Amino acid sequence: MGLSLSCKMNSEDLEIGLNESIHHDDFEYLVTDFKVLSIDEYTKRYRINFKVINNAEVVEHTWNNSIAYIVDAKGNIYNNNKELQIKLNDREPFGWQEEYHTHPKSEETTTLIFDLPKGVTKPYLKVTGKFLMGDVLDLNRYKKMKVKLF
């Protein structure tokens, strides 16, 4: 029974909403807000406020703007548009950096930007990451977590 429960947990994606954490070892990732803008007749732009919380006592968390991606109902993957992110930061500064170094017991935020075709259904934000010791206990659960963006 334990094996079947473990296999079931591995195959399921776990849906969460705004301000709910994706835990990855001592780190938490949250979508605190998002806006969907119509760019033209073919494109929707997602502006996502993204927060990283470092709960570690000693370890710094280094991450960059490719920490998250969007996946749709068909499994298509959309990556953050770094160039648009930089342009937005020039107009409306939000502290863009090439690489972030979130110190222990602190947090940082950024705004991620994704352009998706208008026909995309059920977009979810997911995070990337390397295997960490805390992932042993929860079977890499962070890889299964997805934030609802609709």
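Start by selecting Ser21 and Glu28: their side chains make a polar contact, at 2.5 Å. Keep in mind as you click around that this is a predicted model.

**Around Ser21**

Stay on Ser21 for a moment. You'll find Ser21 in the loop that links strand S1 (14-16) to strand S2 (22-24). Is Ser21 buried or exposed? Its relative accessible area is 19%, so Ser21 counts as buried, the cut-off being under 20%. Now show what surrounds it. Setting aside neighbours within four places in sequence, the residues in contact with Ser21 are Ile16, Glu28, Tyr29, Leu30 and Met145.

**Along S3 and over to S4**

Leu30 is a handy stepping stone, since you already have it on screen from the contacts of Ser21. Follow Leu30 across to S4, where its bridge partner is Lys51. Next, select the whole of strand S3, residues 27-38, together with S4: the two run antiparallel and are joined by 11 bridges. S3 and S4 make a hairpin, and four residues sit between them.

**The open sheet**

Zoom out a little and colour S2, S3, S4 and S9. These four strands form an open sheet in the order S2-S3-S4-S9, and the pairing is antiparallel. Which strands are at the edges? S2 and S9 are, as each of them pairs on one side only. Turn the view to look at the twist: on average, neighbouring strands here are turned by 25° against each other, direction ignored. As general background, strands of a sheet pair through backbone hydrogen bonds, either parallel or antiparallel.

Now pick out S4 and S9. They run antiparallel, with 12 bridges joining them. For one landmark on this pair, select Thr43, which stands opposite Pro117 in S9. While S4 is selected, colour by accessibility: S4 is mostly covered, with nine of its 12 residues buried.

**Helix H2 across the strands**

Keep S4 and S9 on display and add H2. This helix lies across both strands, and runs at about 120° to S9. Begin at its N-terminal end, where Asn81 acts as the cap: one of the side-chain oxygens of Asn81 is 3.2 Å from the backbone nitrogen of Glu83.

Which residues of H2 (residues 82-91) are buried? Select Leu84, Gln85, Leu88 and Asn89. These four lie on the same side of H2, because they cover an arc of only 140° around the axis. The spacing makes sense in general terms: an α-helix has 3.6 residues a turn, so residues three or four places apart point the same way. What do the buried residues of H2 pack against? Show strand S4 (43-54) and strand S9 (106-117), and you have the answer.

Then flip the helix round. Glu83, Lys87, Asp90 and Arg91 are on the other side of H2, and they are exposed.

**The whole chain**

Finally, reset the view and show everything as a cartoon. The protein chain has three helices and 11 strands, and its pattern along the sequence reads α-β-β-β-β-β-β-β-α-β-β-β-α-β. Of the 150 residues in the protein chain, 41% are buried. Switch on the surface and you are looking at about 8600 Å² of exposed area, 53% of which is supplied by carbon and sulfur atoms. For a last look at the contacts, take those between residues at least 6 apart in sequence: 67% of them join residues at least 24 apart.

Key. Residues numbered from 1 in each chain as written. Predicted model: local features only at pLDDT ≥ 70, side-chain atom pairs only at ≥ 80, totals over all residues. Heavy atoms only, no water. Buried < 20%, exposed > 50% of the residue type's maximum accessible area, 1.4 Å probe, protein only. Arc of directions from axis to C-beta. Contact = heavy atoms within 4.5 Å. Polar contact = N/O pair within 3.5 Å; in protein donor to acceptor, adjacent residues only side chain to side chain. Pairing = 2+ DSSP bridges. Axes fitted to C-alpha atoms, helices over the stretch in contact; angles between N-to-C directions. Areas by Shrake-Rupley, 256 points an atom, 1.4 Å probe, with all protein chains shown as cover.
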